[in-house]
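Subject: Structure handover

Hello,

Here is the structure for you to take over. Please open it alongside this message; my notes follow below.

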Amino acid sequence: MGGRPSSPLDKQQRQHLRDQMDTLLRNFLPCYRRQLAASKLPRVREHQGPLTQFRGHPPRWQPIFCVLRGDGCLEWFSHKEEYENGNRPLGSTALTGYTLLTSQREYLYLLDALCPASLGDRTQEEPDSLLEVPVRFPLFLQHPFRRHLCFSAATREAQHAWRLALQGGIRLRGTVLQRSQAPAARAFLDAVRLYRQHQGHFGDDDVTLGSDAEVLTAVLMREQLPALRAQTLPGLQGAGRARAWAWTELLEAVHAAVLAGASAGLRAFQPEKDELLATLEKTIRPDVDQLLARVAGRMRTDIKGPLESCLRQHVDPQLPRVAQTLLDTVEALLEVVRTLLAQGMDRLSGHLRQSPSGTRLRREVYAFGEMPWDLGPMQTCYRETERSRGRLGQLAAPFGFLGMQSLMFAAQDLAQQLMADAVATFLQLADQCLTTALNCDQAAQRLERVRGRVLKKFESDSGLVQRRFIRSWGLCIFLPFVLSQLEPSCRKELREFEGDVLAVGSQALTTEGIYEDVIRGCLLQRIDRDEETEAEREGAACPRQPGSGAQIQPLGPSPSRGTLQS
């Protein structure tokens with residue numbers, strides 16, 4: 001009576017279950033590790049092949065074997081065998097922050113602009129360089145703070161394939177923080193913005209592209225670049241482009257040292273960061289929302305006059321055009337994504353009706369599943385974003401917004417994610433409804449119903465991401481400008497709120513943070529109101545039918561590895 005009941009399992013049975021779980025974990029954890037690694041970055045197809053590279057002292061064109069890794073890192077070897085034998089590469093770089101040029105004239109113009117004071121000095125003989133040797137199929141990777149990488153392909157087809165691969169790698173590396181769902185990533189980006197505002201820089205730009213260490217490196221490099229130019233450029237040897245080339249090599253050394261310092265500093269901060277987050281979890285009061293709302297309400301009343309004046313005078317006249325251009329950009333992009341998606345599903349149904357060969361069908365299914373990461377068809381979507389770059393840049397520039405590359409990358413990431421979600425939904429639903437008991441016509445009919453469900457979900461998802469995109473980038477364009485306009489007058493009034501914020505007793509709340517939240521909320525009301533007004537205007541006109549935009553030529557099948565069964 002009252003004793004512990006004996007286990008219904010004997011020792012041997014319990015050991016058997018532990019062994020079964022150990023076996024499951026041995027099989028499951030490798031897959032889990034791979035998926036964790038894959039979740040950190042979207043997939044980039046590894047690309048490799050022979051190129052020639054402009055390198056050495058003095059620099060000259062030399063054959064190499066180049067490999068673009070799946071994480072967006074580029075490596076180059078002296079020969080293909082060096083790569084296959086696992087030897088160390090001649091060089092490597094993460095593609096963060098690079099810009100790809102395929103025009104020799106455009107690149108040489110950019111190189112000339114690096115050292116403009118020396119343009120007229122051609123008395124010293126320059127080496128056999130880019131200036132004298134025409135390059136038929138160039139691939140120039142330019143970076144504002146690093147050595148330039150100059151490659152050349154053997155054919156136009158190889159140049160095109162490398163261009164797509166390198167552009168994918170650049171975008172992948174650049175948006176690692178923006179794509180992260182971790183609160184710490186958002187906190188880091190906000191901290192960088194606040195730090196730069198304290199330095200007097202309010203405009204949004206592309207400095208936040210890359211990992212946390214790469215972002216901090218870019219911030220410091222921008223701060224130090226004017227002094228570095230003044231101190232070192234006069235002492236550089238050479239003239240014209242040879243001097244500019246030497247300048248980029250010096251920048252590479254400085255960048256490497258700064259990046260190493262940033263990485264070490266962030267690693268050292270990690271234990272403190274973990275402890276801080278654990279402490280905040282325990283100390284945030286349960287009534288913090290009510291206290292925050294009370295302080296924010298008083299603050300909103302105090303700054304209402306200058307804030308409304310700024311919004312009416314500067315933001316309201318331009319907001320409709322900016323919001324409409326953002327909407328046009330994302331609408332055109334998603335229309336192309338939808339068309340590509342529909343074509344892919346139609347192609348699968350057609351193959352099922354006409355050629356029920358299991359091998360061929362598996363290949364087509366896998367090619368469809370890989371479409372979000374296939375740079376060929378997805379480049380059709382990405383080009384749509386570039387069409388509005390110029391107009392958006394002109395509209396946003398008066399507000400100090402210089403982050404057009406970040407905006408373009410965000411739109412392209414959005415297209416890839418929507419395509420990936422839709423493709424995964426189609427394959428999941430198709431797997432559920434198709435059985436071996438169906439003949440080809442019956443299976444094709446079921447796929448048609450799945451197609452309709454997928455497109456309906458895509459339309460719903462598209463509406464949500466359009467609104468999120470406009471709100472997010474509207475804030476990026478206008479919020480720093482409004483903060484800079486209110487800086488002289490409203491900052492002084494914040495001191496009277498510091499006592500109320502301190503009384504909450506949490507590091508999670510700051511006067512500055514509440515102040516920005518108040519302004520952000522007012523801006524979002526303006527953006528939402530403009531979006532609703534535009535929707536009402538469109539509703540009065542003839543409704544736009546989905547998929548009625550630019551036509552896309554049917555895409556041929558892509559050769560891929562097969563993993564899915566029909």
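Let me start with the second largest pocket, which holds about 990 Å³ of space. Keep in mind that this is a predicted model. The lining of this pocket counts 42 residues. Nearest its centre lie Gly97, Tyr98, Thr99, Ile170 and Gln405. Several elements give two or more residues each to the lining: S5, H3, helix H4 (156-174), helix H7 (212-232), helix H8 (240-283), helix H12 (375-387) and H14. H7 gives the most, with six residues. By class, the pocket lining splits into 17 nonpolar, 15 polar and ten charged residues.

Cavities next. There are two of 30 Å³ or more in the structure. The second largest cavity encloses about 50 Å³. Its lining consists of Leu418, Asp421, Ala422, Thr425, Val454, Lys457, Phe458 and Asp461. Two helices, H14 (404-433) and H15 (440-490), each supply at least two of the residues that line this cavity. Four of the lining residues are nonpolar, one is polar and three are charged. H14 thus turns up twice in these notes: it gives residues to the lining of the second largest pocket, and it also supplies residues to the lining of the second largest cavity.

Now the overall picture. The protein has 17 helices and seven strands. It runs to 566 residues, and 43% of them are buried. Of the contacts with a separation of 6 or more, 74% are between residues 24 or more positions apart.

The sheet is worth a look. Seven strands make it up, in the order S4-S3-S2-S1-S7-S6-S5. The sheet is open, and the pairing is antiparallel. At its edges are S4 (91-94) and S5 (99-101), each of which pairs on one side only. From one strand to the next, the twist averages 30 degrees.

Follow the sheet from the S5 edge. S5 is joined to S6 (residues 138-142) by three bridges, and the two strands run antiparallel. Thr99 has Gln142 in S6 as its bridge partner. Leu100 has Leu141 in S6 as its bridge partner. Thr99 also belongs to the pocket story, as one of the residues nearest the centre of the second largest pocket.

On from S6, four bridges lead to S7, again antiparallel. Here Leu139 stands opposite Phe151 in S7. A hairpin of six residues connects S6 to S7.

How many of the five residues of S6 are buried? Five of the five are, and the strand is mostly covered. Both of its faces are covered. Pro138, Phe140 and Gln142 are buried on one side, and Leu139 and Leu141 are buried on the other.

Which helix lies across S5, S6 and S7? That is H3 (residues 104-114), which runs at about 30 degrees to S6. H3 is also among the elements that line the second largest pocket.

Three single spots to check:

- Pro58. The peptide bond from His57 to Pro58 is cis, with omega near -5 degrees. Most peptide bonds are trans. Pro58 sits in the loop between S1 (47-55) and S2 (60-68).

- Thr385. This residue lies in H12. Is Thr385 buried or exposed? Thr385 has a relative accessible area of 0%, so it counts as buried. Leaving aside residues up to four places away in sequence, Thr385 touches Thr329, Leu333, Met408, Ala411 and Gln412.

- Asp190. Look for this one in H6 (residues 183-198). Its relative accessible area is 26%, so Asp190 is partly exposed; the cut-off for buried is under 20%. The C-alpha atoms of Asp190 and Gly513 are 9.9 Å apart, although the two residues are separated by 323 residues along the chain.

That is the handover. If you have time for one region, I would begin with S5 and S6, where the three bridges are.

Best wishes

Definitions and conventions
Residues are numbered from 1 along each chain as its sequence is written. This is a predicted model: local features need pLDDT of at least 70, side-chain atom pairs count only at pLDDT 80 or more; totals for chains, interfaces and linings use all residues. Side-chain values use heavy atoms; hydrogens and water are left out. Two strands pair if DSSP finds at least two bridges between them. Axes are lines fitted to C-alpha atoms, for helices over the stretch in contact, and angles run from 0 to 180 degrees between N-to-C directions. Contact means heavy atoms within 4.5 Å. On a 1 Å grid over the protein atoms alone, a cavity is a set of points where a 1.4 Å probe fits but cannot get out, and a pocket is an open set with protein on both sides within 12 Å along at least five of seven lines; lining residues have an atom within 4 Å of a point. Grid points are joined across faces, edges and corners, and a volume is the space filled by probe spheres set on the points. Ala, Val, Leu, Ile, Met, Phe, Trp, Tyr, Cys and Pro count as nonpolar, Asp, Glu, Lys and Arg as charged, and the others, Gly among them, as polar. Buried means under 20% relative accessible area, exposed over 50%, partly exposed in between (1.4 Å probe, protein chains only).
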